[in-house]
Amino acid sequence: MMPNAAAPATEGSDRSVPLHVAIIMDGNGRWAAARGLPRAEGHRRGVDALRRVVRAAHELGVLYLTIFSFSSENWSRPATEIGDLFGLLRRFIRNDLATLHSDGVRVRVIGEREGLEPDICALLNEAEELTKANTKLNLVVAFNYGSRQEIAGAAQRLAREVAEGKRDPASIDADTLGRYLDAPDIPDPDLIIRTSGELRLSNFLMWQAAYSELVFVPIHWPDFDKAALESAIAEYARRERRFGGLAVKTGS
Ligand code: IPE
Ligand code: IPE
Ligand code: MG
């Protein structure tokens, strides 16, 4: 009999609180436009929301929090906006890294590093290196990330091993490919939340989302807070996850 590869690790099963929450932080621009403010102000307030939500996730018992902070496709935005977003990432790491570290947060980064400015790469590396022994909360930052690019990268590495005679193509199954993704040791997200009312994944964790519960909330990211996270988690707890099998309740 085939094992159920999509089933979560035992520590994630039968929990009303998801082990791994992933968030598409959307709606900064519309939040600002609704207030007659520049888009940059929406992004700035989005960082405040992120600080709140990192704290709230930990308080609620979430062990992995993945946040979509810049997509591979966001390069199509005006250069000024890209500059604002990169500036905020720089400031977030410079200002918050010490606090994240003392709070026991381990920072991980997924996405393409090549082509990023050297100082950004240095900051991302510093954040990962400084916090690598922390265990309270894993904060996975998806930066310059696209799921198709991640899967294509995995395929490329596997193809290279085959070309070098180090791998038999018949040995490649879904688990193998999964191990060549950016953060193979991190369990798949149990819950994916998207703010702002958009109903799509926008190239976020498409492989890992195979059996994630999706919750779409109408509020814009700068307004997202602990209560909104709690209510998304409550909705998750009401869902029945089946992984292709028969009823396995997420709630207790
Ligand atoms: C999310 O807010 C931030 C990023 C995508 C980087 P948006 O900038 O997409 O805001 P909207 O969707 O235009 O309102
Ligand atoms: C997804 O939001 C990317 C991030 C939140 C970083 P977008 O605003 O870029 O997505 P689309 O373009 O509306 O699909
Ligand atoms: Mg958007």
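This passage describes the surroundings of two ligands, the salt bridges and some local features of a predicted model.

The shell around ligand 1 consists of 13 residues, of which Asp26, Gly29, Arg30, Arg39 and Arg77 come nearest. Oxygen atoms of ligand 1 are approached by both side-chain and backbone atoms of the protein: a polar side-chain atom of Asp26 lies 2.8 Å from one oxygen atom, a backbone N or O atom of Gly29 lies 2.9 Å from an oxygen atom, and a polar backbone atom of Arg30 is found at 2.7 Å from an oxygen atom of the ligand. On its own, ligand 1 has 370 Å² of accessible area, and the protein covers 86% of this. Two or more residues of the shell are given by each of helix H1 (28-33), helix H2 (39-59) and helix H3 (79-102), and the largest share, 3 residues, comes from H1. When the residues of this shell are divided by class, 2 are nonpolar, 6 are polar and 5 are charged.

Helix H1 also contains Asn28, which is buried, with a relative accessibility of 11% that falls under the 20% limit for that class. The side chain of Asn28 is joined to that of His43 by a polar contact of 3.0 Å.

Ligand 2 is surrounded by Ile24, Met25, Asp26, Phe68, Ser69, Phe70, Asn74, Arg77, Arg194, Arg200 and Ser202. Asp26 and Arg77, which belong to these surroundings, are also listed among the residues that come nearest to ligand 1. Three side chains place polar atoms beside oxygen atoms of ligand 2, with an N or O atom of Asn74 at 2.9 Å, a polar atom of Arg77 at 3.2 Å and a polar atom of Ser202 at 2.6 Å. Taken alone, ligand 2 exposes 390 Å², of which the protein buries 77%. The greatest contribution to this shell is made by strand S2 (residues 64-71), with 3 residues, and the shell as a whole has 4 nonpolar, 3 polar and 4 charged residues.

A search of the whole structure for salt bridges finds 23. Side chains of opposite charge can pair when their charged atoms come close. In the pair formed by Asp119 and Arg90, the closest N and O atoms are 2.5 Å apart, and the bridge links distant parts of the chain, since Asp119 belongs to helix H4 (residues 118-130) and Arg90 to helix H3, with the two positions 29 residues apart in numbering. The two partners fall into separate accessibility classes: Asp119 is partly exposed at 31% relative accessibility, whereas Arg90 is buried at 15%. A further salt bridge, with an N to O distance of 3.0 Å, joins the side chains of Glu161 and Arg167, and Glu161 is partly exposed at 22% relative accessibility.

The side chains of Glu198 and Arg200 likewise meet in a salt bridge, here with an N to O distance of 3.4 Å. Arg200 has a relative accessible area of 45% and is therefore partly exposed, this class lying between the limits of 20% and 50%. Both residues take part in a network of salt bridges that links Asp26, Arg30, Arg194, Glu198 and Arg200. Among the members of this network, Asp26, Arg194 and Arg200 belong to the surroundings of ligand 2, while Asp26 and Arg30 are among the residues that come nearest to ligand 1.

Two residues other than glycine have a positive backbone phi angle. For Leu205, phi is near 45 degrees; this residue lies in the loop between strand S5 (191-194) and S6, and Leu205 is buried, with a relative accessibility of 3%. For Phe243, phi is about 50 degrees, and the residue is placed in the loop between strand S7 (240-241) and strand S8 (248-249). Phe243 is likewise buried, at a relative accessible area of 12%.

On the surface, Leu199, Leu214 and Phe216 make a nonpolar patch of about 270 Å². Phe216 is located in strand S6 (residues 213-216) and is partly exposed, with a relative accessible area of 33%. This value is over the 30% that membership of a patch requires, so Phe216 can be counted in the patch although Phe216 is not in the exposed class.

Conventions
Residues numbered from 1 in each chain as written. Chains lettered and ligands numbered in written order. Predicted model: local features only at pLDDT ≥ 70, side-chain atom pairs only at ≥ 80, totals over all residues. Heavy atoms only, no water. Patch = residues over 30% accessible without salt bridge, like charges linked within 9 Å, V, L, I, M, F, W, Y side chains within 5 Å. Areas by Shrake-Rupley, 256 points an atom, 1.4 Å probe, with all protein chains shown as cover. Salt bridge = Lys/Arg side-chain N within 4 Å of Asp/Glu carboxyl O. Helix = DSSP H or I, 4+ residues; strand = E, 2+ residues; numbered from the N terminus. Buried < 20%, exposed > 50% of the residue type's maximum accessible area, 1.4 Å probe, protein only. Near = heavy atom within 4 Å. Polar contact = N/O pair within 3.5 Å; in protein donor to acceptor, adjacent residues only side chain to side chain. Nonpolar A, V, L, I, M, F, W, Y, C, P; charged D, E, K, R; others polar.
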